[in-house]
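Student: I would like a close look at how the nonpolar and aromatic side chains are arranged in this protein. Please take the interior before the surface.

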Amino acid sequence: MEAGIRSANMAGRHKRTARIQWLCCIGIVLLLLAFTMFVWFAPLRISGNAMAPTLIDGEIVFFNRIYKHVKSLERGEMIVYKDGNGQTQVGRIIALSGETAEIIEGEVRINNRYRADESDYVDFAEFNMAATEVEYNCVLVLFDSRSLYQDGSAYPAQVSLNDVVGVVQFSLTFFEFFTNG
C-alpha cells in the first residue's frame, strides 16, 4: 500500500514539474515578444497623408529602432525621424551623405546621372529643387505625396543620422488582407 502512495506522490510531483516547465517556457516567449515589440520594434500611428499613397492617415507602422546601428541606411527606405521642432515624421530617403540631389519636373536625379524610379510608391507631382549636396552624416528625405512640394506646404529635409529614430519595417494594413476577407 505504501508503494502505491509513493508512486502517486511521484506522479503528482512530475505533473507539477511539467507545469512549471511549461509556464517558464511561456514566460520566456512572452519576454522575448515584449523585447521585440517594445525595444527592437516600436509602433507609430501615421498622422496625415504626407506619405500617401504608401501610408495613409491612421495607419499603424512598426519601425526597427536597432536597424540604423547595424546596417547603413539606403536610398528608398522609409525612416522615422525627429524634425527640427522635435516632431516625429516619416519620410523616404532620396539621397545619402555626400551625394548631390536635384529634382527636375518631379524627377529625382542623384549626382546628375542616377534617376530614381519611384513609380511604385510616389504620388507624382511636377516640381523642381535646385541641386543640393547632402551634408556629412545626413540623408535627404522627401514625403511620398509630392503634391505637398508643388504647392509649397512642404520642403525636402536634410536629416541628421542622429535624428533618425528607426526604419519602417511593416504596417498593419498588411494584416487587413487576412481579417477583412
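Tutor: What follows goes from the overall make-up to the nonpolar core, then to the aromatic pairs, and last to some sites at the surface.

The model is a predicted one. It has four helices and 11 strands. The protein has 181 residues, and 30% of them count as buried. Among contacts with a sequence separation of 6 or more, 54% are between residues 24 or more positions apart.

The interior comes first. In soluble globular proteins, nonpolar side chains tend to be buried together. Here the largest nonpolar core contains 36 residues. L55, L73, I79, V90, A95 and L140 have the most contacts inside this core. At least two core residues come from each of the strands β1 (41-45), β2 (60-64), β3 (78-82), β4 (88-95), β5 (100-104), β6 (107-110), β9 (138-142) and β11 (164-171). The strand that gives the most is β9, with five residues.

V90 shows what such a position touches. Apart from neighbours within four places in sequence, V90 is in contact with L44, I46, M51, L55, I79, V80, Y81, F143 and V168. Two of these partners, L55 and I79, are also listed with V90 among the residues with the most contacts inside the core.

The aromatic rings come next. A pair of aromatic rings is described by the distance of the centres and the angle of the planes. The structure has three aromatic pairs. In one of them, W40 and F41 have ring centres 5.7 Å apart and planes at 15°, so the pair is stacked. The two partners differ in exposure: W40 is partly exposed at 35% relative accessible area, whereas F41 counts as buried at 13%. Another pair is F62 with F170, with centres 5.1 Å apart and planes at 20°, so this pair is stacked as well. F62 is in strand β2 and F170 in strand β11, so the pair ties together parts that are 108 residues apart in sequence. F62 is buried, with a relative accessible area of 10%, while F170 is partly exposed at 31%. Ring pairs join W40, F41, F62 and F170 into a cluster.

Now the surface. The accessible surface of the protein is about 11,700 Å², and 57% of that belongs to carbon and sulfur atoms. W22, L23, I26, L30 and L33 make a nonpolar surface patch of about 590 Å². Of these residues, W22 lies in helix α1 (residues 2-40). W22 has a relative accessible area of 63%; the cut-off for exposed is over 50%, so W22 is exposed.

Two further sites can be set beside the patch. L148 is in helix α3 (residues 147-150) and counts as partly exposed, at 23% relative accessibility. L148 and N49 are 99 residues apart along the chain, and their C-alpha atoms are separated by 9.6 Å. E133 is in strand β8 (residues 129-133) and is exposed, with a relative accessible area of 54%. Leaving aside neighbours within four places in sequence, E133 is in contact with G98, E99, T100 and Q158. Of these partners, Q158 is 25 residues from E133 in sequence, with 9.5 Å from C-alpha to C-alpha.

Technical notes: Residues are numbered from 1 along each chain as its sequence is written. This is a predicted model: local features need pLDDT of at least 70, side-chain atom pairs count only at pLDDT 80 or more; totals for chains, interfaces and linings use all residues. Side-chain values use heavy atoms; hydrogens and water are left out. A nonpolar core is a set of buried Ala, Val, Leu, Ile, Met, Phe, Trp, Tyr and Cys residues joined through side-chain atoms within 4.5 Å. Buried means under 20% relative accessible area, exposed over 50%, partly exposed in between (1.4 Å probe, protein chains only). Contact means heavy atoms within 4.5 Å. Rings of Phe, Tyr and Trp (its six-membered ring) pair if their centres lie within 6.5 Å; planes under 30 degrees apart count as stacked, over 60 as edge-to-face and the rest as tilted. Patches are made of residues with over 30% relative accessible area and no salt bridge: like charges are joined within 9 Å, nonpolar side chains (Val, Leu, Ile, Met, Phe, Trp, Tyr) within 5 Å. Accessible areas come from the Shrake-Rupley method with a 1.4 Å probe; for residues, only the protein chains shown count as cover. A salt bridge is a side-chain nitrogen of Lys or Arg within 4 Å of a carboxyl oxygen of Asp or Glu.
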